[in-house]
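Visitor: Hi! Could you walk me through this protein model in plain words?
Guide: Happy to. Here it is.

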Amino acid sequence: MNRRIAGLPGLLAVLAGALPATAQSAPAAPRETPTLVVFLTVDQLRADYFEKYGSQLQGGLARLYRGGAVFTDAHQDHANTETAPGHASTMSGRHPRSTGIVQNAAGVQDPQAPLIGGGGPGASPFRFRGTVLTDWLRYRDPRARALSVSRKDRGAILPLGRAKQEVYWYTADGRFTTSRYYADTLPTWVNRFNDRRVPQRMAGQAWTLLLPESAYPEPDSVPVESGGRDFLFPHVLPAEPAEAARRFPEYPWMDQLTLDIALEGLDELKLGTGPQTDVLAVSLSATDAVGHRYGPDSREIRDQVLRLDRMLGAFMDSLYSVRDSSRVVIALTSDHGVTPFPEVAFGAEAARGYHVRLDSVTAQLRRGLVAAGADSAAAYVDDGLLFVDRAALARAGVSVDSLSRAFAAAARRVPGVLRADRVRDLAKGDTVNDAITRRWLHMLPPDLPVEVAVTLRPGHVWGTASYAQHGSPENVDTHVPVIFYGPHFKPGKYGRFTRVVDMAPTLAAVLDVQPAERLDGRVLREALR
């Protein structure tokens, strides 16, 4: 019988600490090709949390870290470390330069693919280029199926590329839904899951500490957290049901709800029952929400990760109660890390110099365009990138080369800027010893109209936002866990430099399928039995 804790009871069990004990034994020895791949992406899970929280991890994260093949120097080896680019790389084996997904702002938004039942903007993978692991499995056996679930649309969509499989994400009205890119109606089992109205029924519920207060070395009173509001435990979900559903993703319970629908879909779709290999992709986003709001040094993020650890333990227990563990492979990674609040890392006074803006440079850019008779929108800055409309500049007689040189020179003079590279110059750089050059090259497709990439000094962040940030090519944002678990892998810690794009080719080798195109990643053969 399935031992999962579904819906409201599952969430309340998490609150009460009543989750079932997690067995620590390794899965049985491999017999045949796996019939199920479970790919877990924990949004904003820093690799150092495993050692930082140590023995307090006792559930699924502990089991994966202590019993899996763990690559301790693993990275999202591209520059713009955001959710969309990171998720697009997980099961494609390719960097953003190849997938075409380079920003959240140009990720899955698609007005031609409205959501079924509303609740959010339209979304689809129309920008995604190439194929992913699920496609390679279907090329071998068309019966292969996939289910992908997440709180975020991009977290659910991009791991499966352009495949029209079962893809569902959470909406502001408290439902899981999909877009018309995938279907015209929701299946009965998803409607039944939504009808439980779990987020609304939890209105007024308090997020309290999982462990005694003495187990948390982090101070609870840090005013920079949560924009200076509601930064003390407990954190209470709004009492009004509709508002509770809207705010629900900010609380640890969002991960339990996502795991519950993943297990429900596993049962309903009969994933992993063979003879083909199926895929269950689960992107868990509460760590990202809590990390942005309270930062990576907070009491809240420790409690969130400890709760996620217990949730994943129960999830694995449920999974192995209904599927043969000898034919299940689990992979875990993250889409990016996160940079600490400068106020926490350096102090409130010093932190002022760690918030960087390019306002004066962009204003100078606009004035120069207007003076030259060009449209002021013919060049703009986003995520530290200078985008240009080359055709518009050519019509106005503006030299793109001169403009990019002038912009880069001006950007380098801004306090907090480490470097401003013209994209055409990056290819001449040292991609072995210069990680920033390499990561920008991995980031930008040749046809993307970007001329300059600006990189901040370590510890610096863009603007004056009151939330913890990520997105830089520095290790603090690129360093993520890469873990494989199951009888097809040799448990242990592997210290060589590894990339998230190595995960898909490694899984393909285990599954004995051929990628449909050239990949950026390689097979991590040292971890294979």
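Guide: We can chat about helices, rings and a few single residues.

Visitor: Anything I should know before we start?
Guide: This is a predicted model, where local features need pLDDT of at least 70, side-chain atom pairs count only at pLDDT 80 or more, and totals for chains, interfaces and linings use all residues. Residues are numbered from 1 along each chain as its sequence is written, and side-chain values use heavy atoms, with hydrogens and water left out.

Visitor: Cool. At what angle do helix 12 and helix 13 cross?
Guide: Helix 12 (residues 286-294) and helix 13 (residues 299-322) cross at roughly 170°, and their axes come within 9 Å. Axes here are lines fitted to C-alpha atoms, for helices over the stretch in contact, with angles from 0 to 180 degrees between N-to-C directions. Helices (H or I, at least four residues) and strands (E, at least two) are DSSP runs, numbered from the N terminus.

Visitor: So is helix 12 roughly parallel or antiparallel to helix 13?
Guide: Roughly antiparallel. The rule is that angles under 35 degrees count as roughly parallel, over 145 as roughly antiparallel, 65 to 115 as roughly perpendicular and the rest as oblique.

Visitor: Which residues in helix 12 and helix 13 meet?
Guide: On the helix 12 side, A286, T287, V290, G291 and Y294; on the helix 13 side, E300, I301, Q304, V305 and L308. Contact means heavy atoms within 4.5 Å.

Visitor: And how does helix 3 pack with helix 13?
Guide: Helix 3 (residues 60-67) packs with helix 13 at an angle of about 80°, and the axes are 5 Å apart. That is why the two helices, helix 3 and helix 13, count as roughly perpendicular. Residues of helix 3 in this contact include L61 and L64, which meet a set in helix 13 that includes L308 and L312.

Visitor: New topic: how many aromatic pairs are there?
Guide: The count comes to 18 aromatic pairs. Rings of Phe, Tyr and Trp (its six-membered ring) pair if their centres lie within 6.5 Å; planes under 30 degrees apart count as stacked, over 60 as edge-to-face and the rest as tilted. One of them is W169 with Y182, edge-to-face at 6.5 Å centre to centre and 70° between the planes. W169 sits in strand 4 (residues 166-170), and Y182, 13 residues apart from it, is in the loop between strand 5 (176-177) and helix 8 (188-194).

Visitor: Are W169 and Y182 buried or exposed?
Guide: W169 is buried, with a relative accessible area of 2%, and Y182 is buried too, at 13%. Buried means under 20% relative accessible area, exposed over 50%, partly exposed in between (1.4 Å probe, protein chains only).

Visitor: What about F346 and Y354?
Guide: That pair is stacked, because the ring centres are 3.9 Å apart and the planes are at 15°. F346 is partly exposed, at 37% relative accessibility.

Visitor: Which ring does the charged end of K164 sit over?
Guide: The ring of Y181, 4.8 Å from its centre. K493 has its charged end over the ring of Y65, 4.5 Å from the centre. A charge sits over a ring if NZ of Lys or CZ of Arg is within 6 Å of the ring centre and within 35 degrees of the ring normal.

Visitor: Last one: where does A378 lie?
Guide: A378 is in the loop between helix 16 (359-371) and strand 11 (379-382). A378 is buried, at 4% relative accessibility. Not counting neighbours within four places in sequence, A378 has contacts that include L369, F387 and L393.
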